[in-house]
Amino acid sequence: MSKAITSDKPFPVPVSRERQEAWIEAVLATEGVNLPRGALENIAPFIVDPEDTLSEPDDQGLRTLKSGAVRRIRTDAGDMVVAVVRMHGVGGVQWGHNERISSIWRSVADPTVGRGTERTLASVRPWMGVDDDGREICLAALESTVADRRALIMNAEDAADALKRRDRVRPYDLEEDLVLNGQQDPGMYVPQQVRLEQNPEKDENGNPLYPDAYWGWMAVRGNNRTQKRQSIFRLTSGEVLAGVPAEKLERDGNEVICDPRDWLPEFSAVLNREYAETADDELDPTSGSRARRAAAIAVVDAHLVIGTPTPQRLYRIVQMNNRRDHVHPPLEFDALDRSRALGRSVLGMYVAQGAMDEKTAEVLSGIAPIRELPQATPDMTVSELRDLRSMLLLQELFPVDPRKRLLLRRALSENPPSQLKASEINQRARTWSALASESYPMPWNPRVGQVFSTRAREGIVLSGRRLPELLAAADTDDAAFDELVSYRAAHWLASFGIIEADRGSLDGQEAIADTGERVRRSRRTVMNCLQALRHEKSREAAAGLLKSLAAAMDDGDRRPWRVSSSGKELLGREMTPLWFDSEFPKDTGTRPRKAAAPSVPLPTAATPPTLTTATLLPTTTSVPAPAPAPPLGSVATAPVQAAPAVVAPALTPEALVDLIETRVQELHAASGRLGDLLGELAERSRAASVAHPIPRQRADTAVRLLNQTLSRLRKLPELMEDLTEPE
């Protein structure tokens, strides 16, 4: 048992300041350690028996951390040095930059942040200092800036509240488990200094009441455990970071004690006194005394990040170390936070391998403003800045560069590119969508981004045209229009709540009509919405809709205005989900023209085979309609002559059932024949040494029609079930 801990006094009292200083000097003398002294001065009071971590003095009397107390960890973003210590259980600070709760904050990657918005988390930067020669140096710590002390405490409280909500999905009570069993796994903590922009308040003598900067050790791994431990101790991370009120130390007055060298000895003394005064009976994990409940976590193991050869990348390194399980997510990660974490893993790997510069990675990760990108220009509007970041993200997550594709595969644990599955394409799409939403006021369901086929495995190449140019040309330029619909429309519509990811049922998918009544919306996928925009009869309206959405972003993210069929904005009339469903209805698309399937010519090396839409799509077999019956009560006086343009009467229900069965059989047979034709084309092309027999434009047309057909087919089983007698 520690010399500072006895059976009747389980809560450790900090060692003397001389012993703390000796430990600090030994840590700084250890190879690979390069953090600021102030960070060690902050954590030293929490270290239990610091001498146990130190080596014997060398010939010059110098002591360092002994080998068993140091670990050197390698991540895909870089290396770091970690000290293994035993720490007072109340130590550590919950980190607002924890990726489980990243979505509760407004990101600085949103160009509108800074206009009085709330819940904005300050950017984290490498800690910069000045050496003895007056030169600026970067050390293994982080720093950030907040407006004032109140904002500092509120950030910690917001993080605590968000973590509590995430923890509700855990299959057991973490706090109760800590009370009964203690903490089994160490947390990891990184030093961060938070500086105040505003000068602190002063007392009547002109002395500041509080410091203007605070050191804290932020929980990179073990945020939930840190929060629960401090809850058991009845302190908060905000108090550990910014000062403990005198009343919690059983002092009189309203003073706040900021230095842990001052408040921690008194706090441990209070706990030890409570422990001694409490009966040593069976522990009640929910209603027992504070000291008895906290005894099992009086001391915990901890890993402290104390060095890295690349301090400018420390934030990315510590985050990468905590992402090992993000591909197979733990329960407390929701879909949005998990997808963002995955994307940051990819960007971190790119930086570590020299495939991306640090500044671009910071912006794409959401920790730096978009205007810091080299491609950003002063004239760019909000919509264009968002578009710039979103399109960069898209190309980084669907790269054509073979090296980046290899790194991406490693970061996301994917199959080889040739074997990439639809689920893996969708994972990338969700990652892109989740990170892109950081540039908007509110995140959307990242499944909105699942709009790509497996062809995206080859990478996505954009035209490189700026957004204003694409919008200006959308009415007449097919390529510009398709690029906008394919890569922008879904996110823009989702950001204003016009569309959402299909939830698999109609439950809750209701809206308020213009007349005020509740109307059930049609269930439709995001792809269905995009196909509706592409419908040739909706082209002008769709182009106008895209322009209206961009204009709404540039005008403070107000509600977008509806557009007429000609694409003109209807000022003052807000766009709604019901309006979108009405103007761009679910049942749109181009019906394939009836034509007999021509035979596929044998390809040759000199003349590659051509592929027409009619070759790929099944033909429709005509079923002769029955001859029209004479009117009731009439007498036929002459044989009925066939007329060249007779309109067939409506079929009876029985005849329609027969016709439906026939069409289903034909469709089944035609789909099999289509596969046979493609196989035959592949064989003949290989025999003729033709690698790619289908021209790109014709393939795109055929695939588009196939996708429209599939969209229709997905609805048919449900429609048939509605008309089928129950079992």
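**Note on salt bridges, helix α12 and a surface patch**

1. In this predicted model, helix α22, which covers residues 696–722, contains Met 720. With a relative accessible area of 45%, Met 720 is partly exposed, and it belongs to a nonpolar patch on the surface together with Leu 651, Leu 656, Ile 660 and Val 664. The accessible area of these residues together is about 410 Å². Helix α21 (residues 653–687) supplies the largest share of the patch, namely three residues.

2. Helix α12 runs over residues 382–397, and its 16 residues should span 22 Å at 1.5 Å a residue, the expected span being taken with one less than the number of residues. The C-alpha atoms at its ends are 23 Å apart, which agrees with that expectation. As for its surroundings, α12 is mostly covered, since 15 of its 16 residues are buried.

3. One residue of helix α12 deserves separate mention, namely Arg 386, whose side chain meets that of Asp 557 in a salt bridge with an N to O distance of 2.8 Å. Because Arg 386 lies in helix α12 and Asp 557 in the loop between α18 (539–554) and β12 (561–563), the pair ties together parts that are 171 residues apart in sequence. Arg 386 has a relative accessible area of 1% and is therefore buried, the cut-off for that term being under 20%.

4. The count of salt bridges comes to 40, and one of them joins the side chains of Arg 195 and Glu 143, at 2.9 Å from N to O. Arg 195 is placed in strand β5 (residues 187–196) and Glu 143 in strand β4 (residues 136–146), so this pair ties together parts that are 52 residues apart in sequence. The two partners should be described separately as regards exposure: Arg 195 is partly exposed, with a relative accessible area of 30%, whereas Glu 143 counts as buried at 6% relative accessibility.

5. A further salt bridge is formed by Arg 488 with Glu 483, where the closest N and O atoms are 3.2 Å apart. Here Arg 488 counts as buried at 3% relative accessibility, and Glu 483 also counts as buried, at 9%.

6. Finally, a network of salt bridges should be noted, in which Arg 340, Arg 344, Arg 389 and Glu 438 are linked.

Definitions and conventions. Residues are numbered from 1 along each chain as its sequence is written. This is a predicted model: local features need pLDDT of at least 70, side-chain atom pairs count only at pLDDT 80 or more; totals for chains, interfaces and linings use all residues. Side-chain values use heavy atoms; hydrogens and water are left out. Patches are made of residues with over 30% relative accessible area and no salt bridge: like charges are joined within 9 Å, nonpolar side chains (Val, Leu, Ile, Met, Phe, Trp, Tyr) within 5 Å. Accessible areas come from the Shrake-Rupley method with a 1.4 Å probe; for residues, only the protein chains shown count as cover. A salt bridge is a side-chain nitrogen of Lys or Arg within 4 Å of a carboxyl oxygen of Asp or Glu. Helices (H or I, at least four residues) and strands (E, at least two) are DSSP runs, numbered from the N terminus. Buried means under 20% relative accessible area, exposed over 50%, partly exposed in between (1.4 Å probe, protein chains only).
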